[in-house]
Amino acid sequence: MRLLYRFENGHEVYFTTKVEGDARELISCGAAERELGERVGRAIRLGRLNQIHSGIVHLIGCGERQEADSSLPDGDGLVACSGDFGLGVLVADCAPVALTSAEGIFAAVHAGWQGVSKGVLPEAAAAMRSMGASEISAYVGPCIRSECYEFKGPELWEISRELGGSVVGRTSWDTVSLDLLEAVRRSLAKAGVGNVEASQACTACGDEYYSFRARQSQERHLMVVVPGGGY
Ligand SMILES: [Zn+2]
């Protein structure tokens, strides 16, 4: 697990790569929670979702514990305000998006093209605001980039109608593609989130990543956003 990004308010974004193996195993054996705890210097509960490529966002309260995978809520965004929690999403090509606010409210979002189309990012921002967040900042972790993401069909034109023509790109082999990172940026901008930083990595052509699109990987990366050690 490596530290990918630290927000101004001290909230941190961690990410696992192929080096550590399938993140689902790191979670099920407890290694992910243990390492997070060591990183931030206190016990961390890892909040997670049964991800379904939706626009659904859940709030996690204080003292709540997710016991088993079967009890995970269906959805693609998680919001919390407690330093007891790290919020995790599993990805391989889809964009993992960390959101935070000066008030200490934070979120993790699994944003593939479907979730972006269904408005998962504005939903997450709205949920954060309902808990008192004012200005929201975002960090987008490694995802499949435009040059590797061939994308055809009516869905692409629907996304571009919604978010603008800049989401349509070209692959390195000169076919039409979806610029998922640009779609994330546009969707966040529409939700009033203008301060967005992003990893430059591409999961499809980067050696250290799993890619469902490029290599049919069944394994996943874990991104976690967590209030850092000074919390
Ligand atoms: Zn690439």
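## A tour from helix 2 outward

Begin by selecting helix 2, residues 31–40, in this predicted model, and colour A32, L36 and V40, which are the buried positions to look at here. Viewed down the helix axis, these residues cover an arc of only 50 degrees, which puts them on the same side of helix 2. To see what that side faces, add strand 2, helix 1 (23–28), strand 3, strand 6 (85–91) and strand 13 (221–227), against which the buried residues of helix 2 pack. Before leaving the helix, step to G41, which follows helix 2 and has a positive phi, near 80 degrees.

**The five-stranded sheet**

Next, show the open sheet of 5 strands, whose order is 1-2-13-6-3 and whose pairing is mixed. Its edges are strand 1 and strand 3 (45–47), each of which pairs on one side only, and from one strand to the next the twist averages 30 degrees.

Zoom in on strand 1 (residues 2–6) and strand 2 (residues 11–15), which run antiparallel and are joined by 4 bridges. Two pairs serve as landmarks along this ladder: R2 stands opposite F15 in strand 2, and R6 stands opposite E12 in strand 2. The hairpin that these strands make has 4 residues between the strands, and in it G10 takes a positive phi near 90 degrees.

**The six-stranded sheet**

Now move to the other open sheet listed for this tour, in which 6 strands follow the order 4-5-8-7-9-12 with mixed pairing. Strand 4 (57–59) and strand 12 (195–198) stand at the edges, and each has a single partner strand, so one side of each is left without a neighbour in the sheet. Here the twist averages 15 degrees from one strand to the next.

For a parallel pair, select strand 9 (residues 136–140) together with strand 12, which are connected over 4 bridges; within that pair, V140 has A198 of strand 12 as its bridge partner.

**Helices across the sheet**

Keep the sheet on screen and add helix 4 (residues 120–130), which lies across strand 4, strand 5 (77–80), strand 7 (95–101), strand 8 (106–111) and strand 9, and which runs at about 170 degrees to strand 8. Its buried residues are V120, L121, E123, A124, A125 and M128, and the helix is followed by G132, whose phi is positive, near 110 degrees.

Then add helix 6 (residues 180–190), which lies across strand 7, strand 8, strand 9 and strand 12, and runs at about 30 degrees to strand 7.

**The nonpolar core**

Which residues have the most contacts inside the largest nonpolar core? They are L99, L121 and V184, in a core of 72 residues. Centre the view on L121 and, leaving aside neighbours within four places in sequence, display its contacts, which are V97, V109, A111, V116, V184, S187, L188 and A191.

**Towards the exposed positions**

Turn now to G165, in the loop between helix 5 (154–163) and strand 10 (168–170). Is G165 buried or exposed? It is exposed, because 8 other C-beta atoms lie within 10 Å, where a count of 12 or fewer is the cut-off for that class. A distance monitor from the C-alpha atom of G165 to that of E33 should read 41 Å, the two residues being 132 residues apart along the chain.

Continue into strand 10 and select R170, which counts as partly exposed with 13 C-beta neighbours inside 10 Å. Not counting residues up to four places away in sequence, R170 touches V176 and S177; R213, by comparison, is 43 residues from R170 in sequence and 16 Å away in space, C-alpha to C-alpha.

**The whole chain**

Finally, zoom out to the full chain, which has 7 helices and 13 strands. Its C-alpha atoms fill a box of roughly 50 × 35 × 30 Å along the principal axes, and the radius of gyration of 16 Å agrees with the value near 17 Å that a compact globule of 231 residues would have. Of the 231 residues, 47% count as buried, and among contacts with a separation of 6 or more, residues 24 or more positions apart account for 67%.

Key:
Residues numbered from 1 in each chain as written. Predicted model: local features only at pLDDT ≥ 70, side-chain atom pairs only at ≥ 80, totals over all residues. Rg over C-alpha atoms; globule rule 2.2 N^0.38 Å. Buried ≥ 20, exposed ≤ 12 C-beta atoms within 10 Å, placed from the backbone. Contact = placed C-beta atoms within 7 Å. Pairing = 2+ DSSP bridges. Axes fitted to C-alpha atoms, helices over the stretch in contact; angles between N-to-C directions. Arc of directions from axis to C-beta. Core = buried A, V, L, I, M, F, W, Y, C linked by C-beta atoms within 7 Å.
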